[in-house]
Amino acid sequence: MSEVSEFSRLVEPVLQRHQWRPDRLLQILRDVQDVLDYLSDDTLVRLAEELRISYAQVRSTRDFYAFLYSENRGRYRVLFSDNITDRMLGNQALFEQMLANFGLAAGQVSADGLVSVDLTSCTGMCDQGPAILVNELAITRMTPQRVDEICVLVKNEVPLADWPAEFFVVEDNIRRADMLLGTPHEPGHAIRAAITRGRDGMLAEMRIANLRGRGGAGFTTAIKWEACRQAPGEQRYIVCNADEGEPGTFKDRVLLQSYAGRVFEGMVIAAYTVGARLGLLYLRAEYRYLRPQLEAFLAGMRAQNLLGKDIAGDKGFDFDIEIHLGAGAYICGEESALIESLEGKAGKPRVRPPFPVTCGYMNQPTVVNNVETLCKATEIAIHGGAWYEAIGTKQSTGTKIISVAGDCERPGLYEYAFGVRIAQILEDCGASEAMAVQVSGASGVCLSEREFGRRIAFEDVPTAGSFMIFDTQRDLFEVARNFAHFFRHESCGFCTPCRTGTALLSDLMDKIADGRGTQYEMNELLRVQAVMKASSHCGLGQTAGNAVADTVQKFRPAYERRLAQTDFMPAFDLDAALAKGRAITGRDDALAHLDQGA
Amino acid sequence: MSDYNTSGFDSANMFSIDGRRIPFKPGQTILQAALEAGVYIPHLCHHPDLKPHGSCKLCTVTVNGRNGSACTARALPGLEVENDTPALNDRRRVLLQMLFVEGDHFCPGCEKSGNCQLQALAYDLEMVAPHFRHFFPKRTVDASHPDIWLDLNRCIMCELCVRASRDIDGKNVFMLAGRGANSQVVVNSPTGLLKDSALTADDAAAQICPVGAILHKRVGYSVPIGQRQFDDATIGHQVEYLARRHIPIKPVAVDAPKMPEKEGV
């Protein structure tokens, strides 16, 4: 019976806090895991009863997210960020070092249940990697020394709160500031400016500004806001997409860390324009460390009447913001998957149409905007659309923040007016030996040296902000292989081409890496990629093979030097496969072996 | 007016598939209208009694030059749809091969043989080999239920059982859990076993599996091989059957656990 009361004692407050609402399931699971360390099947059965939903439903949500655990992962759960930029900074040696220190294999939990060490997708610290997460708290700039220090702290079971503060320092690294990063923010200024313009006036300025979304797709923000405003619905919602999971990008992290006023005021302005009463910030789990300060910021805004009732004295303008935490799923950056996640479910992209602007969160009209887009709305509120429209290029107005990482002297954030050439960014960040740049992350485009004259703009090279530089010493095959594994891990599994295609692509890349690839595998890579691109349900599957296709085309020698000079080789070693048979029969003579040369 | 001229439809509710004129009722999807008009578009996760899903992607067609799932795309006046083209069928063959290698589909040993839509489609699209390396997944067989057995090795993640149990039976017996290639159907019961779930043999969810993942016990060979649904004519020539294969629906158990109505915030 003591076990029952223990469960009630720990879990009841969580359920109460979330009002037993099944649509808060993901947040409930997160909070329950915080008190129980992991979510056993028994816990799920209990939670399903409490929430009056099916056990399978609870299980579906738990099993979808990388940071929700069905079994004990240890009291200290260490995850090494394994983006290609972390690898270039030497994360693999540090990972091995920590595993050796603990005497563990990757993913294994120590016998005393103390610790596990594993890899995770990009944690958004590419400018200050190699990075790790310990119980979802970010630690940057790992060194062999720091690995040893952390091992001692873990072995002595020192609470994370007592670890050296410098471990958890996350730098902004702003290298080039323009209108967004370089302008001081006066709290409430943008909200008051929007209210002065009125709802129609604000929308008109947005239209003139021709602001396009900064999350990658580049949809015109004014059209989105207008569609949401006009859609029939009982409630409207503003969702800030802070699920910055694209490998190599970290601009939203800096905006949330040091420019939160603009992000939240952008949400308030969007709410004012479309008539929403609730806003939701969907924060990726990797940025969980930001949550306390963001909550404090929201409290401050409430105190200043910039959130809550009759905002900034405007009668009847009521709006507030809640923070929802993700749980490790790249796909939740896709807006309809993000909405599913907000509703407590597995983050799988919905069938569109209907689009979120007419049928989003709770099937109500919903605006989903990127963190940076919302910041831009505050500039338009203050300065007007015409002023804004004059900056950048015709189809890409305003400035864009680029997250620069990889082989350069000064990684960090660079803000430019749209239209900046790749070569300019390379020069500014001190990348004199660049051979290739991966723009817009693993799903983006790989540019070779002869394309460095191209421009960052929707007209030429669109980007969500990631900018990873590879110098002449790097191996573009390994870059593409890292991305292929990333997508295999992050595919949601909903549709056939993506679920299976990402697995096939990463297997083919591994086969080539093992020296067992031939021209046959090269053809297969492109064949699979073409099917994924043409028939996948959402952008993840459609773009998951881009890096492979780009590097096959532009850096073919990186592949060819690995290929075996034969028509075909099986993926496995035929002779080694017979070892078990030899052991069983007790034979090891020459005739029991295949001639590998034949 | 030529049959191939799609720009001059005299009726508003017409579109074209491979140049052939197809009438539709407003609100129908391309796939629904096609099946009703006797035009076959390959599909696995679609069923006439259930809401469109769009996960198997076999029904991917080209609509006015862009790729889309025929099962979720609405029929609209004047659309020009390409369906039965070598390029699209090539792609479908690859998708079938993907489904075959990610599971364990050993047709000769499966009692669904001849009634299996995956197998029938593979014949129809002339898939002669799985082509890719098999994944050899380790999945479970649940034989605990007195009337039904569940072999996840043959599951193609179409979620027809999930949807039928939720939307027709009102029981939520099945759910897809996990992510990516680790996705799998899970059973809603405290033990995770079918015997402890609310599933009964007459549930829609027990009838709807297009492959051999959910099978009834003790009826495996009551219809001999050679006389089964797809033995005589290929699935592509059984459009009428595909359009009208409704599941016998029994009264819904209203007290079964269901997702409560969500409240607004």
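## A walk through the predicted model

Let's start with two helices: in chain A, the axes of helix α11 (residues 260-274) and helix α14 (residues 371-383) come within 7 Å and cross at roughly 70°. Crossing angles of 65 to 115 degrees count as roughly perpendicular, so α11(A) and α14(A) are roughly perpendicular to each other. From α11(A), the residues that make the contact are R262(A), V263(A), E265(A), G266(A), M267(A), I269(A) and A270(A). On the other side, α14(A) brings in V371(A), L374(A), C375(A), A377(A), T378(A) and A381(A). Sorted by class, this contact has nine nonpolar residues, two polar ones and two charged ones. Keep in mind as you look around that this is a predicted model.

Now stay with α11(A) and look at what it lies across: the strands β6, β7 (278-283), β8 and β9 of chain A, with the helix running at about 150° to β6(A). Those strands belong to an open sheet of four, ordered β8-β7-β6-β9, and the pairing is parallel. Which strands sit at the edges of this sheet? They are β8 (320-325) and β9 (366-370) of chain A, each pairing on one side only. On average, neighbouring strands here are turned by 20° against each other, direction ignored. As for how such sheets hold together, strands pair through backbone hydrogen bonds, either parallel or antiparallel. Zoom in on one pair: strand β6 (residues 237-242) of chain A runs parallel to β9(A), and five bridges join the two. If you'd like a spot to click on, take C240(A), whose bridge partner in β9(A) is N369(A).

Over in chain B there is another open sheet, this one of five strands in the order β2-β1-β5-β3-β4, with mixed pairing. Its edge strands are β2 (20-23) and β4 (66-69) of chain B, and each of them pairs on one side only. The twist from one strand to the next averages 35°. Here, too, you can zoom in on a pair: strand β3 (residues 60-63) of chain B and β4(B) run antiparallel, joined by four bridges. T62(B) has N67(B) as its bridge partner in β4(B). A helix lies across part of this sheet as well: α2 (residues 86-102) of chain B covers β3, β4 and β5 (80-82) of that chain, running at about 150° to β3(B).

Next, the empty spaces. How many cavities of 30 Å³ or more does the structure hold? There are four. The largest cavity contains about 140 Å³ of space. It is lined by 22 residues, and the ones closest to its centre are R284(A), E286(A), G328(A), A329(A) and Y330(A). By class, the lining of the largest cavity comes to eleven nonpolar, six polar and five charged residues. The element that gives the most to this lining is helix α17 (residues 476-490) of chain A, with three residues.

Helix α17 of chain A turns up again when we move on to the pockets. The second largest pocket has a volume of about 920 Å³. Of its 29 lining residues, the closest to the centre are D63(A), Y65(A), A66(A), H489(A) and N182(B). So which elements give two or more residues to the lining of this pocket? They are α4 (55-64), β1 (76-81), β2 (115-120) and α17, all of chain A. By class, the lining has eleven nonpolar, nine polar and nine charged residues.

Finally, a few backbone details to look for in the loops. A cis peptide bond joins G129(A) and P130(A), with omega at about -5°. You'll find P130(A) in the loop between β2 and β3 (132-134) of chain A. Another cis peptide bond joins R352(A) and P353(A), and here omega is about -5°. P353(A) has its place in the loop between α13 (335-342) and β9 of chain A; that β9 is one of the edge strands of the four-stranded sheet. In chain B, look for H131(B), where phi is near 65°, a positive value in a residue other than glycine. H131(B) lies in the loop between α3 (117-124) and β6 (141-142) of chain B.

Note on methods:
Residues numbered from 1 in each chain as written. Chains lettered and ligands numbered in written order. Predicted model: local features only at pLDDT ≥ 70, side-chain atom pairs only at ≥ 80, totals over all residues. Heavy atoms only, no water. Axes fitted to C-alpha atoms, helices over the stretch in contact; angles between N-to-C directions. Parallel < 35°, antiparallel > 145°, perpendicular 65-115°, else oblique. Contact = heavy atoms within 4.5 Å. Nonpolar A, V, L, I, M, F, W, Y, C, P; charged D, E, K, R; others polar. 1 Å grid on protein atoms, 1.4 Å probe; cavity = no way out; pocket = protein on both sides within 12 Å on 5 of 7 lines; lining within 4 Å. Points joined across faces, edges and corners; volume = space filled by probe spheres on them. Pairing = 2+ DSSP bridges.
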